[in-house]
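Could you walk me through this fold, one selection at a time? Here is a short tour to follow with your viewer open.

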Amino acid sequence: MKQDIVLVCRKTEHTIHVCDFLRDHYIDSVIIENAEDLKAELSSHSPAFLLLDFGNKGNENLFSKLSISTMRPLPYIIIADAFPDGAARAAVLERGADACVETPLIAEEVLAVINAVLRREQRIARLKLGRALPRMKHKELVIDPMRRTVEMRDEPVHLTVKEFDVLFLLASKAGTALTKEEIYEAVWNADRDYMGTQVSDHIFTLRRKLGLDKKDQAYIQTVFGVGYRFATSE
């Protein structure tokens with residue numbers, strides 16, 4: 001994932017300082033002062049991160065449009081505002097924001113949000129799957145590796161870190177049977193001697209949370225004598 005961010009906010013001495021701070025930490029940064037100019041930017045470039053300052057006229061409306069946009073890949077959306085309380089922040093997150101930061105912007109806070117996302121990509125890389133993938137959809141299941149979210153039948157499924165990693169590993173290698181040992185070494189990053197029933201237990205929990213039967217063949221298949229395989233779309 002390219003490490004760049006577009007800030008839709010007023011260009012002031014303070015916001016310019018934020019951009020300079022991010023560039024000093026190898027994050028390409030640009031300020032766009034209005035939503036109309038952003039449309040032109042997004043038509044030719046898809047930034048990894050997009051910060052919308054709700055103090056700017058038009059940004060709330062733009063955010064509403066982005067929340068239902070079919071544009072892929074959709075930037076990781078950070079909303080900046082003078083939030084009165086936690087409930088206001090929660091409401092924005094429920095509308096589709098990925099993170100919230102306070103205004104006036106604190107450069108270190110914006111960088112911390114970006115670094116948190118990049119750590120997720122590194123976790124994916126440790127699964128030996130290369131760079132972060134776009135959203136994956138199989139039948140009624142949607143996996144978003146960047147945001148580490150899962151939906152089943154349009155409902156969010158809350159998974160632990162390891163449950164998500166197991167599901168993502170299998171789905172990313174759909175059609176390929178993986179042994180329990182391969183899954184354990186990739187997800188737990190540990191020697192198979194310590195595996196125990198960890199993989200089997202996580203598959204059991206995954207199926208339960210996804211509403212699948214243990215004999216399911218449409219999503220997570222048991223390959224007897226081998227391990228597990230994620231079904232293909234064919």
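We start with the whole chain, then visit a sheet, the helices beside it, the cysteines and a pair of packed helices.

**The whole chain**

Keep in mind as you look around that this is a predicted model. Colour the chain by secondary structure, and you should find eight helices and 12 strands. Of the 234 residues in the chain, 44% are buried. Among the contacts with a separation of 6 or more, 57% come from residues 24 or more positions apart.

**The five-stranded sheet**

Next, show the open sheet whose five strands follow the order S2-S1-S3-S4-S5, with parallel pairing. Look at its edges: S2 and S5 (99-102) each pair on one side only. From one strand to the next, the twist averages 20°.

**Strand S1**

Now select residues 4-8, which form strand S1. Is this strand enclosed or open? Five of its five residues are buried, so S1 is largely enclosed by the rest of the structure. Turn on the side chains to see how they are arranged. In general, side chains of a regular strand alternate between the two faces of the sheet. Here Asp4, Val6 and Val8 point one way, while Ile5 and Leu7 point the other way, and all are buried.

**The neighbours of S1**

Add residues 28-32, strand S2, which runs parallel to S1 and is joined to it by five bridges. Centre on Val8 and you will see Ile32 of S2 standing opposite. To trace how the chain gets from S1 to S2, show helix H1 (residues 13-24); this β-α-β crossover passes through H1 and is right-handed.

Then add strand S3 (residues 49-53), also parallel to S1 and joined to it by four bridges. Val8 is a handy landmark here too, since its bridge partner in S3 is Leu52.

**On to S4**

From S3, step across to strand S4 (residues 76-81): S3 and S4 pair in the parallel sense over five bridges. Which residue of S4 stands opposite Leu50? It is Ile77.

**Helices lying across the sheet**

Bring H1 back into view. H1 lies across S1 and S2, and runs at about 160° to S2. Then select residues 86-94 for helix H4, which lies across S4 and S5 and runs at about 145° to S5.

**A stop at the cysteines**

Select the cysteines and show their sulfur atoms. How many disulfides does the structure hold? The count is zero. For Cys19, the closest cysteine sulfur belongs to Cys9, 6.7 Å away, which is too far for a bond. Cys19 counts as buried because its relative accessibility is 2%. Cys100 has a relative accessibility of 9%, so Cys100 counts as buried as well.

**Last stop: H6 and H8**

Finally, select helix H6 (residues 161-172) together with helix H8 (residues 198-210). They pack at an angle of about 85°, and their axes are 10 Å apart. That angle makes H6 roughly perpendicular to H8. To see the contact itself, show these side chains:

- From H6: Lys162, Glu163, Val166, Leu167 and Leu170.
- From H8: His202, Ile203, Thr205, Leu206, Lys209 and Leu210.

How values were computed: Residues are numbered from 1 along each chain as its sequence is written. This is a predicted model: local features need pLDDT of at least 70, side-chain atom pairs count only at pLDDT 80 or more; totals for chains, interfaces and linings use all residues. Side-chain values use heavy atoms; hydrogens and water are left out. Buried means under 20% relative accessible area, exposed over 50%, partly exposed in between (1.4 Å probe, protein chains only). Helices (H or I, at least four residues) and strands (E, at least two) are DSSP runs, numbered from the N terminus. Two strands pair if DSSP finds at least two bridges between them. A crossover is right-handed if, with the strands pointing away from the viewer, the path from the first strand over the helix to the second runs clockwise. A disulfide is a pair of cysteine sulfur atoms within 2.5 Å. Axes are lines fitted to C-alpha atoms, for helices over the stretch in contact, and angles run from 0 to 180 degrees between N-to-C directions. Contact means heavy atoms within 4.5 Å. Angles under 35 degrees count as roughly parallel, over 145 as roughly antiparallel, 65 to 115 as roughly perpendicular and the rest as oblique.
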